[in-house]
Amino acid sequence: MRILSGIQPSGSLHLGNYFGMMKKMIDYQEHDDLFCFIANYHAMTSVHEGKALAQGTLEAAANFLALGMDPEKSTFWVQSDVPEVQELAWFLSNFTPMGLLERCHSYKDKINKGIAANHGLFAYPVLMSADILMFNSEKVPVGKDQKQHVEVTRDIATKINNEYGEIFTIPEPDIDDEVATVPGLDGQKMSKSYGNTIDLFQDEKKLRKQIMRIVTDATAVEEPKDPDTCNVFQIYRLFLDKEQQHALRQRYQAGGMGYGEVKQELFETVRDYFVPFTERRNAILADKEQLHKTLDHGAQKARYAASKVLRKIRKKSGMAY
Ligand code: ADP
Ligand code: TRP
């Protein structure tokens, strides 16, 4: 099955990104036809500083590769290295009702937060639709917050298929309920914009500090605690199999376990889990020439796949004259 997703290179990565999207993508490579990219055009909607965006792009790519993205098993590239996607976005724009975009939560949330409305922000879902439709994607792994954008993609694609015949594959969002929303330190969705993240690649001290900041209630050490309402448990369980989750649940319910103790365990678990990845990431970032080669190779594969869809569209739309 053709699976596609992208991640923005804006800011450091956190556990929400990892469990909500990256880990799933990496696991898919084994049995599926995986397309994965760094969405640097999308990141322009929030980052206008060129140097920072370039550096963020390289780091995001290195992170993905270190975590297990294999550029031989998958197609892995940087969005702007495949400019065909912009051409498709324009084509899609002409079939995208204003109302469809006006209803997007993510756009409305940003505007409500006081971010100035501009066309990039408004047209964001159209570009995302181009990413998805360009490569005949069947399944799109994303966090819950991106579900509506995949629905927009489906609407646009269906409209065009009705007018022009079957050009596009209609994609399905792929959202895993277990990890649909990874909670942050305060129990809200973990997100860069809420400042409540546990970041993936950082030194031990900072990691421990973040974990110790997880908000807990005032239940005394000796009292039983409810794992289902505990932010520490909700994060910890992502690292545990069913049996381990059950055992931890019992320790909560038995009483006698303090939040400090379980936070310390969570810290050690997260640290140990990411140590090998951190070493690999540093090695990848130290060899920029090789990293560029890997990304060029991915872009070539992606451009080849894009050219087939684009040829059809140019013909149907009259752009090939
Ligand atoms: P952020 O909210 O920190 O800005 P992004 O919007 O860049 O994160 O998200 C990148 C990817 O990670 C998306 O697929 C998104 O749905 C997923 N993701 C982000 N935060 C979470 C979370 N807390 N739980 C699950 N998935 C998440
Ligand atoms: N909008 C997505 C996010 O912020 C990133 C993205 C861009 C994407 N294009 C995509 C995800 C295509 C899936 C498919 O997380």
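**Two ligands and their shells in a predicted model**

Ligand 2 sits in the largest pocket. Before going further, note that this is a predicted model, and every value I give is computed from it. I will take ligand 2, then ligand 1, then the salt bridges.

So what is around ligand 2? The shell holds 14 residues, and the closest are Gln8, His42, Tyr124, Asp131 and Gln146. By class, the shell of ligand 2 has eight nonpolar residues, five polar ones and one charged one. In terms of secondary structure, at least two shell residues come from strand S1, residues 2-7, and at least two from helix H7, residues 119-134. Helix H7 has the largest share, at four residues.

Now the polar contacts of ligand 2. Three of the residues just named come up again here, each through a side chain and each facing a nitrogen atom of the ligand. For Tyr124, a polar side-chain atom is 2.6 Å from a nitrogen atom of ligand 2. For Asp131, an N or O atom of the side chain lies 2.7 Å from a ligand nitrogen. For Gln146, the distance from a polar side-chain atom to a nitrogen of the ligand is 3.0 Å. As for cover, ligand 2 on its own has 360 Å² of accessible area, and the protein covers 90% of that.

Next, ligand 1. Which pocket does the space taken by ligand 1 form? It is the largest pocket, and that is the description I gave for the site of ligand 2 as well.

Around ligand 1 there are 18 residues, and those that come nearest are His14, Gly143, Asp145, Val182 and Lys192. The class split for this shell is seven nonpolar, eight polar and three charged. Helix H1, residues 15-28, gives the most to the shell of ligand 1, with four residues.

The polar contacts I list for ligand 1 go to oxygen atoms of the ligand. A polar side-chain atom of Asn17 is 3.1 Å from one. Lys189 places a polar side-chain atom 2.8 Å from a ligand oxygen. Ser191 has a side-chain N or O atom 2.8 Å from an oxygen of ligand 1. The accessible area of ligand 1 on its own is 540 Å², of which the protein covers 92%.

Last, the salt bridges. How many does a search of the whole structure find? The count is 14. I will show one of them, between the side chains of Arg281 and Glu59, with an N to O distance of 3.7 Å. Where do the two partners sit in the chain? Arg281 belongs to helix H12, residues 259-286, and Glu59 to helix H3, residues 50-67. The two residues are 222 residues apart, and the pair links distant parts of the chain.

To recap the cover figures, the protein covers 90% of the accessible area of ligand 2 and 92% of that of ligand 1.

Key: Residues are numbered from 1 along each chain as its sequence is written. Chains are lettered from A and ligands numbered from 1 in the order in which they are written. This is a predicted model: local features need pLDDT of at least 70, side-chain atom pairs count only at pLDDT 80 or more; totals for chains, interfaces and linings use all residues. Side-chain values use heavy atoms; hydrogens and water are left out. A residue is near a molecule or strand if one of its heavy atoms lies within 4 Å of it. A polar contact is a pair of N or O atoms within 3.5 Å; within protein, one must be able to donate a hydrogen and the other to accept it, and residues adjacent in sequence count only if both atoms are side-chain atoms. Accessible areas come from the Shrake-Rupley method with a 1.4 Å probe; for residues, only the protein chains shown count as cover. On a 1 Å grid over the protein atoms alone, a cavity is a set of points where a 1.4 Å probe fits but cannot get out, and a pocket is an open set with protein on both sides within 12 Å along at least five of seven lines; lining residues have an atom within 4 Å of a point. A molecule sits in a cavity or pocket if more than half of its atoms lie within 2 Å of its grid points. Ala, Val, Leu, Ile, Met, Phe, Trp, Tyr, Cys and Pro count as nonpolar, Asp, Glu, Lys and Arg as charged, and the others, Gly among them, as polar. A salt bridge is a side-chain nitrogen of Lys or Arg within 4 Å of a carboxyl oxygen of Asp or Glu.
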